[in-house]
Amino acid sequence: MFKIFFIFEMVEICYPYGIGDLIILKQYSLKNNINIEKILINKSLLKYRLNGDNYFKFVKKFINNLFKNCEIILLENEKKTVEIKNIHNSLKIYNLYDLYNFKHNYENTLINNKKYIIIHTKFRFDNKKNSDLFIENIMPILKNFFNNLRTKYKIIIAGEKEAEKNYENNILNVQTIYNLLENLKQENDVIDITSNMISSNNDINNFENELHIINKASANITFGHGGSYVMCNSFCDKNFCFIGNIKNYMPPEYEKISYRNLDIFLNELDIFLKD
C-alpha cells in the first residue's frame with residue numbers, strides 16, 4: 001500500500017517509506033553489502049498523511065542522513081517494481097548511531113547528566129486481534145505497574161499524546177499508552193516531550209534530538225512494533241521491548257531481544273529500574 005522505490009545496480013525494488021521501514025532497509029543494506037544510490041518516492045502515496053508535502057521534506061532529509069550520497073526523486077506516476085523477498089530474515093542489528101550523518105551536536109540540557117530511561121507512547125501490533133488483546137488485557141496491568149513505579153532514573157515520556165487521525169494510522173491501528181502514564185509525575189522525576197500530530201509535523205532537528213536522547217538513554221521502553229521499536233533497537237543497545245503475540249513483520253534478530261511474556265518483561269524491567 002505505502003510504496004517507495006529503490007534502485008540497486010539498476011534493479012528497482014518496492015518498499016515502504018516509513019521511518020522504521022527505512023531503518024530496516026539500512027540494516028538490510030549493511031548486512032548484504034548493498035549500496036543504495038537512488039530512492040524514488042511515489043507522490044500519490046503522500047496523500048495518506050495529513051501533511052504529505054511536509055513529510056516528504058522531512059523524509060528526504062532523513063534519507064540523506066541515513067543513506068549517504070543517495071539521490072531522492074519524487075515521481076508523478078507510479079512505477080511497477082519488484083519487492084525485496086524475505087527482507088526481515090536477512091537482517092543483522094547494527095547500531096546506526098555512528099553511521100547516521102547528524103547535522104548538529106545536541107546538548108542534552110534537560111537531563112543534566114542524570115541517568116534516564118525513555119517510555120515511548122506509540123504502539124501498534126500486526127493485526128486487530130493482537131491490538132485488542134493488548135488494549136483490553138495488557139494495558140490495565142501496565143497502568144497498575146506505572147502507577148506504582150518508583151525509580152531513581154529520570155523518566156522521559158516520548159512520542160504522541162494521542163495517535164494522529166490519518167489514513168495510515170487508521171489502517172495500522174496506531175494508538176498510544178500516554179494516559180497510562182499520568183501518575184508517574186507524582187513520585188518520579190519526569191520530563192514529558194510528547195507532542196500532538198507528530199507524524200504530520202516532522203521537524204528534522206527535533207527528530208535528530210530524539211535520536212541523540214534514545215542513544216544516550218540507560219534504556220528505552222516500547223510496546224508493539226513500528227518506528228519507535230525499530231529506532232530504539234537501531235540507535236540504543238539497551239531496550240525493553242514488549243511485542244506480545246506479534247508474528248508478522250518481526251525480524252528474527254529483533255525478536256531475540258524482545259519480550260513476548262508480560263510477566264517476564266515487567267519483572268526484568270522492575271529489577272532494572274530498582275537496581
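Reading packing and pairing in a predicted model

Modeller: Ring pairs join Phe123, Phe125, Phe134, Tyr153, Phe223, Phe240, Phe242, Tyr259, Phe265 and Phe272 into one cluster. Keep in mind that this is a predicted model.

Colleague: How many aromatic pairs does the count come to?

Modeller: The count comes to 20 aromatic pairs. One of them is Tyr55 with Phe58, a tilted pair at 6.0 Å centre to centre, with 45° between the planes.

Colleague: Why are Tyr55 and Phe58 separated by about one helical turn?

Modeller: Because they are three residues apart in helix H2. Tyr55 and Phe58 are both buried. Another tilted pair is Tyr97 with Phe102, where the centres are 5.2 Å apart and the planes make an angle of 50°. Tyr97 and Phe102 are likewise both buried.

Colleague: Next, helix packing. How are two packed helices described?

Modeller: By the angle between their axes and the distance between those axes. Take H1 and H2: the angle is about 20°, and the axes are 11 Å apart. An angle under 35 degrees counts as roughly parallel, so H1 is roughly parallel to H2. Their crossing is right-handed.

Colleague: Which residues of H1 and H2 make the contact?

Modeller: From H1 come Ile19, Leu22, Ile23 and Lys26; from H2 come Tyr55, Phe58, Val59, Phe62, Ile63 and Leu66. Tyr55 and Phe58, the tilted ring pair, thus appear on the H2 side of this contact.

Colleague: And at what angle do H2 and H5 pack?

Modeller: At about 45°, with the axes 10 Å apart. That angle makes H2 oblique to H5. The crossing of H2 and H5 is right-handed. On the H2 side, Phe58, Lys61, Phe62 and Asn65 meet Ile204, Phe207 and Glu208 of H5.

Colleague: Ile204 is in that list. Is Ile204 buried or exposed?

Modeller: The cut-off for buried is under 20% relative accessible area. Ile204 has 12%, so it is buried. Ile204 is found in helix H5, which covers residues 204-216. Leaving aside residues up to four places away in sequence, Ile204 touches Phe58, Lys61, Phe62, Asn65 and Tyr100.

Colleague: What separates the C-alpha atoms of Ile204 and Phe102?

Modeller: A distance of 9.9 Å, although the two residues are 102 apart along the chain. Phe102 is the partner of Tyr97 in the tilted pair mentioned earlier.

Colleague: Leu50 is on my list as well. Where does Leu50 lie?

Modeller: Leu50 lies in the loop between S3 and H2. With a relative accessible area of 51%, Leu50 is exposed, since exposed means over 50%. The C-alpha atoms of Leu50 and Glu164 are separated by 8.8 Å, with their positions 114 residues apart along the chain.

Colleague: On to the sheet. How do strands of a sheet pair?

Modeller: Through backbone hydrogen bonds, either parallel or antiparallel. Here an open sheet of five strands pairs in parallel, in the order S10-S8-S6-S11-S12. Strand S10 (190-192) and strand S12 (239-242) are the edge strands, each pairing on one side only. From one strand to the next, the twist averages 15°.

Colleague: How many bridges join S6 to S8?

Modeller: Five bridges join strand S6 (residues 116-120) to strand S8 (residues 154-158), and the two run parallel. Within this part of the sheet, Ile119 stands opposite Ile157 in S8.

Colleague: Which helix lies across S6, S11 and S12?

Modeller: Helix H8, residues 262-274. Helix H8 runs at about 160° to S12. Both Phe265 and Phe272, members of the ring cluster, fall within the residue range of H8.

Colleague: Last, backbone angles. Which residue other than glycine has a positive phi near 55°?

Modeller: Asn69 is such a case. Asn69 is found in the loop between helix H2 (52-66) and strand S4 (71-75). Asn69 is exposed, with a relative accessible area of 77%. Asn33 also has a positive phi, of about 55°, and is not a glycine.

Colleague: Where is Asn33 found?

Modeller: In the loop between helix H1 (19-31) and strand S3 (38-42). Asn33 is exposed, with a relative accessible area of 73%.

Technical notes:
Residues numbered from 1 in each chain as written. Predicted model: local features only at pLDDT ≥ 70, side-chain atom pairs only at ≥ 80, totals over all residues. Heavy atoms only, no water. Helix = DSSP H or I, 4+ residues; strand = E, 2+ residues; numbered from the N terminus. Buried < 20%, exposed > 50% of the residue type's maximum accessible area, 1.4 Å probe, protein only. Phe/Tyr/Trp six-rings, centres within 6.5 Å; stacked < 30°, edge-to-face > 60°. Contact = heavy atoms within 4.5 Å. Pairing = 2+ DSSP bridges. Axes fitted to C-alpha atoms, helices over the stretch in contact; angles between N-to-C directions. Parallel < 35°, antiparallel > 145°, perpendicular 65-115°, else oblique. Left-handed = near helix turned anticlockwise from the far one by under 90°.
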